[in-house]
Amino acid sequence: MSNQGKIVQAATPIEVYRNPAAEFVAGFIGNPPMNFLPAEPRGSGKWNVAGQLIDGPAGNAPLKFAVRPEDVRPGDHGLPATVRLVEPLGAHLLVTCDVGGTMFRAVLDSDLTLKPGDALTLSPQQCRLRWFDPTTTLAVA
């Protein structure tokens, strides 16, 4: 994959999708694209993301937390969200939410009954999280 003529990542399609090397790749590949939220360090690999403490890489500089829309599930713990738009797409719903003041999309089971204004907690799958350096835009290991 290239950005302005510069190769950003060369890998299999699944590797590019699951493990994007840069924020550009993560936001370009996939429909809907990956969600990004600011993350503030809280020590010992803990990060404040939308007011929630989430495990992540070690570090003491702000990062961008990223997760694909299909890698979140409704749950008791996770990111607090307010539903803004619900798009029924057959087998699933594409739900656009406000999470910490940022637009966030989730692909959820069509059996859910949601409407604009509903509160929802979205639990990201820990093994599917990605982290990006906001300065370099590159993935953080």
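This is a dialogue about how labels are given to parts of a predicted model.

Student: What makes β8 and β9 paired strands?

Tutor: Two strands pair if at least two bridges are found between them. Strand β8, residues 92-99, is joined to β9 by 8 bridges, so the rule for pairing is met. The two strands run antiparallel.

Student: Which residues face each other across β8 and β9?

Tutor: C97 has F104 in β9 as its bridge partner. T96 stands opposite R105 in β9. The two strands form a hairpin with 2 residues between them. In its turn, G100 has a positive phi of about 60 degrees.

Student: What sheet do β8 and β9 belong to, and in what order do its strands lie?

Tutor: An open sheet of 4 strands, with the order β9-β8-β7-β10 and antiparallel pairing.

Student: Why are β9 and β10 called edge strands?

Tutor: Each pairs on one side only. β9 covers residues 102-109, and β10 covers residues 119-124. On average, neighbouring strands of this sheet are turned by 55 degrees against each other, with direction ignored.

Student: What holds strands of a sheet together in general?

Tutor: Strands pair through backbone hydrogen bonds, in a parallel or antiparallel way.

Student: Why do W47 and W131 count as an aromatic pair, and why is the pair called tilted?

Tutor: Ring centres have to lie within 6.5 Å. For W47 and W131 the value is 5.8 Å centre to centre, so they count as a pair. The angle between the planes is 40 degrees. Stacked needs under 30 degrees and edge-to-face needs over 60, so the rest, this pair included, is tilted.

Student: Where in the chain are W47 and W131?

Tutor: W47 is in strand β4 and W131 is in strand β11, 84 residues apart. The pair links distant parts of the chain.

Student: How do you know whether W47 and W131 are buried or exposed?

Tutor: Buried means under 20% relative accessible area. W47 has 0%, so W47 is buried. W131 has 7%, so W131 counts as buried too.

Student: What makes the pair of F65 and W131 edge-to-face?

Tutor: The planes stand at 75 degrees, and over 60 is edge-to-face. The centres are 5.4 Å apart, which is within the 6.5 Å limit for a pair. F65 lies in strand β6, residues 63-67, and W131 in strand β11, 66 residues apart. Both F65 and W131 are buried.

Student: Which residues form the aromatic cluster?

Tutor: W47, F65 and W131 form one aromatic cluster. The model has 4 aromatic pairs by this rule.

Student: How do you know that the charged end of R68 sits over the ring of Y17?

Tutor: The charged end of R68 is 4.0 Å from the centre of the Y17 ring. The distance limit is 6 Å, and the charge must also lie within 35 degrees of the ring normal. R68 and Y17 are listed as such a case.

Student: Why is D71 called buried?

Tutor: D71 has a relative accessible area of 2%, and the limit is under 20%, so the label follows. D71 is in the loop between β6 and β7.

Student: What makes D71 and R128 a polar contact?

Tutor: Their side chains meet at 3.3 Å, and the limit for a pair of N or O atoms is 3.5 Å. R128 is also among the residues D71 touches, along with R18, S123, P124 and Q125, not counting residues up to four places away in sequence.

Student: Why is Q125 called partly exposed?

Tutor: Q125 has 27% relative accessibility. Partly exposed lies between the limits of 20% and 50%, so Q125 fits. Q125 is in the loop between β10 and β11. Leaving aside neighbours within four places in sequence, Q125 is in contact with E70, D71 and R73.

Student: What is noted about the phi of A50 and of T137?

Tutor: A50 has a positive phi of about 55 degrees although it is not a glycine. T137, not a glycine either, has a positive phi of about 65 degrees. A50 is in the loop between β4 and β5, and T137 is in the segment after β11. With 26%, A50 counts as partly exposed; with 33%, so does T137.

Student: How do you know that the bond between N31 and P32 is cis?

Tutor: Its omega is about 0 degrees, and the bond is listed as a cis peptide bond. P32 is in the loop between α2 and β3.

Conventions. Residues numbered from 1 in each chain as written. Predicted model: local features only at pLDDT ≥ 70, side-chain atom pairs only at ≥ 80, totals over all residues. Heavy atoms only, no water. Axes fitted to C-alpha atoms, helices over the stretch in contact; angles between N-to-C directions. Buried < 20%, exposed > 50% of the residue type's maximum accessible area, 1.4 Å probe, protein only. Phe/Tyr/Trp six-rings, centres within 6.5 Å; stacked < 30°, edge-to-face > 60°. Contact = heavy atoms within 4.5 Å. Polar contact = N/O pair within 3.5 Å; in protein donor to acceptor, adjacent residues only side chain to side chain.
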